[in-house]
Amino acid sequence: MSEKRVHLSKTEPTAYKALDAFSRTVGEICAANGIDDRLKEIVMIHCSQLNGCAYCTRIHFDRASSAGIDADTLLQIPTWRESGVFSDRERAALELAEAFTFIHDGGIPDDVYDRVGSVFTEKEYAALSWACVSINAFNRIVVAGRYPVPPRAAVQASA
């Protein structure tokens with residue numbers, strides 16, 4: 001992608017720093033309300049994938065790997081409905097992530113709200129909801145600005 005776009009985080013850094021601070025607050029809310037890094041990162045990756053945000057997908061893939069999520073699980077996030085590797089909590093969180101990402105298509109449907117609410121406490125639901133709001137905001141900034149995602153440097157094999 002050679003097209004030059006406005007880089008919102010550089011052009012208006014005050015707003016970006018506020019969003020970053022918001023994101024950190026959301027992380028604290030997640031931790032305080034029982035949402036561990038594994039669950040949070042699965043949600044962040046899924047929202048980013050749904051939004052077509054390669055930049056955020058990579059960032060959260062790396063964070064998920066650091067949180068101990070194996071590659072097999074990460075690869076199955078887009079096909080979570082057909083996969084048996086996710087817990088009931090993870091499946092509910094992935095469904096909520098989809099509802100928030102596609103909120104323009106009828107809001108959070110009652111059946112999704114009820115299903116997710118039967119798995120999570122009110123505090124957990126709120127924490128996951130804020131996580132979805134946060135990552136969707138970042139995805140929009142990055143996708144609109146077409147932030148580059150270059151190939152990773154090749155890992156040299158030891159001879």
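Begin with helices α3 and α8, which meet in a right-handed crossing in this predicted model. Select α3 (37-50) and α8 (122-145). Their axes lie 9 Å apart and pack at an angle of about 40°. Because of that angle, α3 counts as oblique to α8. To see the contact itself, display Leu 39, Val 43, Met 44, Cys 47 and Ser 48 on the α3 side. Their counterparts on α8 are Leu 128, Ala 131, Cys 132, Ile 135, Asn 136 and Asn 139.

Keep α8 on screen and add helix α6, residues 88-101. The axes of α6 and α8 come within 10 Å and cross at roughly 45°. That angle makes α6 oblique to α8, and the crossing is right-handed. From α6, show Arg 89, Ala 93, Leu 96, Ala 97, Phe 100 and Thr 101. These meet a set of α8 residues: Glu 124, Tyr 125, Leu 128, Ser 129, Cys 132, Val 133, Asn 136 and Arg 140. Which residues should be highlighted on α8 at this point? Leu 128, Cys 132 and Asn 136 deserve a colour of their own, since they are among the residues that meet α6 and also among those that contact α3.

Next, select helix α4, residues 54-66. This helix of 13 residues reaches 18 Å from its first C-alpha to its last, close to the 18 Å expected at 1.5 Å a residue. Which residues of α4 are buried? They are Cys 56, Thr 57, His 60 and Ala 64. Turn the view to look down the axis of α4: its buried residues fall within an arc of 100°, so they line one face of the helix. The general geometry is that an α-helix has 3.6 residues a turn, so residues three or four places apart point the same way.

Now bring back the surroundings of that face. The elements covering the buried residues of α4 include α3, α8 and α5 (71-75). Thus α3 and α8, the pair at the start of this tour, appear again here.

Remaining on α4, select Arg 63, which belongs to this helix. What is the exposure of Arg 63? With a relative accessibility of 47%, Arg 63 counts as partly exposed. Add Asp 37 to the selection: Arg 63 and Asp 37 are 26 residues apart in sequence, and their C-alpha atoms are 8.5 Å apart in space.

Finally, follow the chain just past the end of α4 to Gly 68, where the backbone takes a positive phi of about 95°.

How values were computed:
Residues numbered from 1 in each chain as written. Predicted model: local features only at pLDDT ≥ 70, side-chain atom pairs only at ≥ 80, totals over all residues. Heavy atoms only, no water. Helix = DSSP H or I, 4+ residues; strand = E, 2+ residues; numbered from the N terminus. Expected span 1.5 Å × (residues − 1). Buried < 20%, exposed > 50% of the residue type's maximum accessible area, 1.4 Å probe, protein only. Arc of directions from axis to C-beta. Contact = heavy atoms within 4.5 Å. Axes fitted to C-alpha atoms, helices over the stretch in contact; angles between N-to-C directions. Parallel < 35°, antiparallel > 145°, perpendicular 65-115°, else oblique. Left-handed = near helix turned anticlockwise from the far one by under 90°.
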